[in-house]
Amino acid sequence: MFVRTVYATGNPDRIEQTLDGLRTEALALLTGQPGYRGYGLFADRTLGKIAMGSWWESAEAERASDAALGERRRELLAPLAGTVTTDVWQAVATAPPGSAGPGAGFRLTRFDVDPARVDAMVEAFRDRALPGLEKMAGFVTAAMLVDRGSGRGSVGGIFADQETFVASRGPVADTRARAIAESGATLRSLEEFDVVLLDRPEHPAP
């Protein structure tokens, strides 16, 4: 499974206008493309940040959808976007998707690891970190994405409401620290977003 992520920043005063356009059009545009397997839209309204990811059954489907939708995506992001960064990743470990409505929170951790140690990082997350996350109150879903060539990667986790999202910070921090130490990775950033839209019609098995 392959995931295209888009990270846009800009004037917070214009973020709601941009989110309205994405809420209105994004799913219809994406679901019309062959190989579509899911979409998430996340926002930090205070700082003016949007993160979104679309899931595809193959690298070919991801490339074809990007060619078909890239221009419209730029237009939809234009009200906000001072910067836009697009990346493509391989989904290497996922939890079955649950449902997330208003008030759900998304936590994004970015890391670097020696490319030769990617498999160790995946194993640490899939076999030890993820089972612990799945037992936490309010847990909805989580996934690890990597670029095997560079060793860059991220882990995203969603909790159903702000109460469980906030309560998860401590336990998730402990789990994250153990996984980073075990794999020898370097933590690059930790961010939190509101869940604006989540569509995962299938469990995207890696």
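User: How is the lining of the second largest cavity in this predicted model divided by residue class?

Analyst: The general idea is to sort each lining residue as nonpolar, polar or charged. In this predicted model, the lining of the second largest cavity has 9 nonpolar, 2 polar and 3 charged residues. The lining holds 14 residues, and Leu30, Tyr39, Met52, Leu69 and Arg73 lie nearest the centre of this cavity. The space inside the second largest cavity is about 180 Å³.

User: Which elements each supply at least two residues of that lining?

Analyst: Two strands and two helices do so: β1 and β3, together with α1 (15-31) and α2. Helix α2, residues 59-77, also packs on the sheet, where it touches β1, β3 and β4. The direction of α2 makes about 15 degrees with that of β1.

User: How many cavities of 30 Å³ or more does a search of the whole structure find?

Analyst: A cavity is a space in which a probe fits but from which it cannot get out. The search finds 2 cavities of 30 Å³ or more. In the largest cavity there is about 280 Å³ of space.

User: Which residues lie nearest the centre of the largest cavity, and what classes make up its lining?

Analyst: Of the 19 lining residues, Thr109, Phe125, Val155, Val172 and Arg176 lie nearest the centre of the largest cavity. The elements giving two or more residues to this lining are β5, α3, β6, β7 and α5 (169-183). The largest share comes from α5, with 5 residues. By class, the lining of the largest cavity comprises 13 nonpolar, 4 polar and 2 charged residues.

User: How does α3 lie relative to the strands?

Analyst: One reads such a case by naming the strands a helix lies across and the angle between directions. Helix α3 (residues 118-134) lies across β4, β5, β6 and β7. With β6, helix α3 makes an angle of about 175 degrees.

User: In what order do the strands close into a barrel?

Analyst: To read a barrel, one follows the strands from neighbour to neighbour. Here 8 strands close into a barrel in the order β1-β3-β2-β8-β5-β7-β6-β4, and the pairing is antiparallel. On average, neighbouring strands of this sheet are turned by 30 degrees against each other, with direction ignored. As a general point, the side chains of a regular strand alternate between the two faces of the sheet.

User: How many bridges join β1 to β4, and which residue of β4 stands opposite Gly10?

Analyst: Strands β1 and β4 run antiparallel and are joined by 9 bridges. Gly10 stands opposite Ala81 of β4. Further pairs can be read in the same manner. Strands β2 and β3 pair over 8 bridges in the antiparallel sense, and Gly40 has Gly53 in β3 as its bridge partner. Strands β4 and β6 pair over 4 bridges, also in the antiparallel sense. The bridge partner of Gln90 in β6 is Val146.

User: What lines the largest pocket, and how much space lies in it?

Analyst: A pocket, in contrast to a cavity, is an open space. About 540 Å³ of space lies in the largest pocket. Its lining has 32 residues, of which Thr5, Phe106, Leu108, Leu145 and Ser154 lie nearest the centre of the pocket. Each of β1, β2, β3, β4, β5, β6, β7 and β8 supplies at least two residues of this lining. Strand β7 gives the most, with 6 residues. The lining of the largest pocket divides into 17 nonpolar, 9 polar and 6 charged residues.

User: How many helices and strands are there in the chain, and in what order do the elements run?

Analyst: The chain has 5 helices and 8 strands. From the N terminus on, the elements run β-α-β-β-α-β-β-α-β-β-α-α-β.

User: Why does the radius of gyration of the chain agree with that of a compact globule?

Analyst: The reasoning compares two values. A compact globule with 206 residues would have a radius of gyration near 17 Å, and the chain has 16 Å, so the two agree. Along its principal axes, the C-alpha trace of the chain spans about 45 × 40 × 30 Å.

Methods: Residues numbered from 1 in each chain as written. Predicted model: local features only at pLDDT ≥ 70, side-chain atom pairs only at ≥ 80, totals over all residues. Heavy atoms only, no water. 1 Å grid on protein atoms, 1.4 Å probe; cavity = no way out; pocket = protein on both sides within 12 Å on 5 of 7 lines; lining within 4 Å. Points joined across faces, edges and corners; volume = space filled by probe spheres on them. Pairing = 2+ DSSP bridges. Axes fitted to C-alpha atoms, helices over the stretch in contact; angles between N-to-C directions. Contact = heavy atoms within 4.5 Å. Rg over C-alpha atoms; globule rule 2.2 N^0.38 Å.
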